[in-house]
Amino acid sequence: MDDGLAIHARFTALPGSEQIATPFAIHALRQFLWTHAPRRILEVGAGIGSLSWVLADYLTYLCGYAEAVSVEDDPWCRTEWERNLAPWRRRPLLFDKVPPYEFYDLVVLDGPQMPADGWACLAPGASVFVEGNRREQRAALRLSMRQQGRRYIETPSRPPDRSKGVWLGRCEPAWWERLLFASNRIEQWGRDLPARWRGDPIGKRRHA
Ligand SMILES: C[S@@+](CC[C@H](N)C(=O)[O-])C[C@H]1O[C@@H](n2cnc3c(N)ncnc32)[C@H](O)[C@@H]1O
């Protein structure tokens, strides 16, 4: 988790840091990248760049080839992003909208810029990493996958304090992935039970 805390601290000190990813999400994305080694990555909602920083680190140190596209339409964020990512020689290409007719094996979702028909960009077996809950966008994603006749599963992953975490999704899962995701969902549900019983908020960002 130290990597997540360090990157989060770096970005917290920068202008416009109110909406950056949580330390948990930063850490989780880093773990995901280095265990799954995706080759083509799309980041939606790059903001000022905390998750793009994790992608740049991955592109730079990976033994092998990978490429990433980051999408951000806010001009101020784009300027800050360029400045914040300047230390990296290899970093995602920054676009103001999702490029059409491209396919990705990982989509990192942390912004509203994915168009309704954009989910066709998921390659067979692709993964989706969602910062926070993004309920409506996840519902739109599930609907799009159903309309495409494709199987899609997802599961939450939250920090031990039950606060906002991440969701992971997988297209065309293998049988063992379906089992893994189902058991993870049951486990998360069980861990949430006491909080639900007390009426505490679940999956919301908590302030210290
Ligand atoms: C949750 S933020 C994305 C944060 C991003 N992962 C980061 O680390 O900076 C979602 C959207 O909010 C907008 N946004 C983020 N920070 C902003 C700021 N300081 N001012 C204006 N818009 C901002 C951007 O358009 C972004 O796509």
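**Entry 1: Glu-131**

I began with Glu-131, which I located in strand β5, spanning residues 122-131. The model I am consulting is a predicted one. I next asked whether Glu-131 is buried or exposed. I counted 26 other C-beta atoms within 10 Å, so Glu-131 is buried, given that 20 or more are required for that class.

I then looked up the contacts of Glu-131, leaving aside residues up to four places away in sequence. Glu-131 touches Ala-21, Ala-25, Leu-51, Leu-109, Asp-110 and Val-166. For Asp-110 I also noted the C-alpha separation from Glu-131: it is 5.5 Å, although the two residues are 21 apart along the chain.

**Entry 2: the ligand**

Which residues come nearest to the ligand? Of the 18 residues around the ligand, I recorded Gly-16, Gly-45, Gly-47, Ser-50 and Gly-111 as the nearest. The elements giving two or more residues to this shell are α3 (50-61) and α4 (75-84). Sorted by class, the shell holds 7 nonpolar, 7 polar and 4 charged residues.

**Entry 3: positive phi angles**

I checked Ala-37, which is not a glycine yet has a positive phi of about 50 degrees. I found Ala-37 in the loop between α2 (23-36) and β1 (40-44). Ala-37 counts as partly exposed because 14 C-beta neighbours lie inside 10 Å.

I turned to Arg-134, whose phi is near 45 degrees, a positive value in a residue other than glycine. Arg-134 lies in the loop between β5 and α5 (135-147). With 19 other C-beta atoms within 10 Å, I entered Arg-134 as partly exposed.

Key. Residues numbered from 1 in each chain as written. Predicted model: local features only at pLDDT ≥ 70, side-chain atom pairs only at ≥ 80, totals over all residues. Helix = DSSP H or I, 4+ residues; strand = E, 2+ residues; numbered from the N terminus. Buried ≥ 20, exposed ≤ 12 C-beta atoms within 10 Å, placed from the backbone. Contact = placed C-beta atoms within 7 Å. Near = placed C-beta within 6 Å. Nonpolar A, V, L, I, M, F, W, Y, C, P; charged D, E, K, R; others polar.
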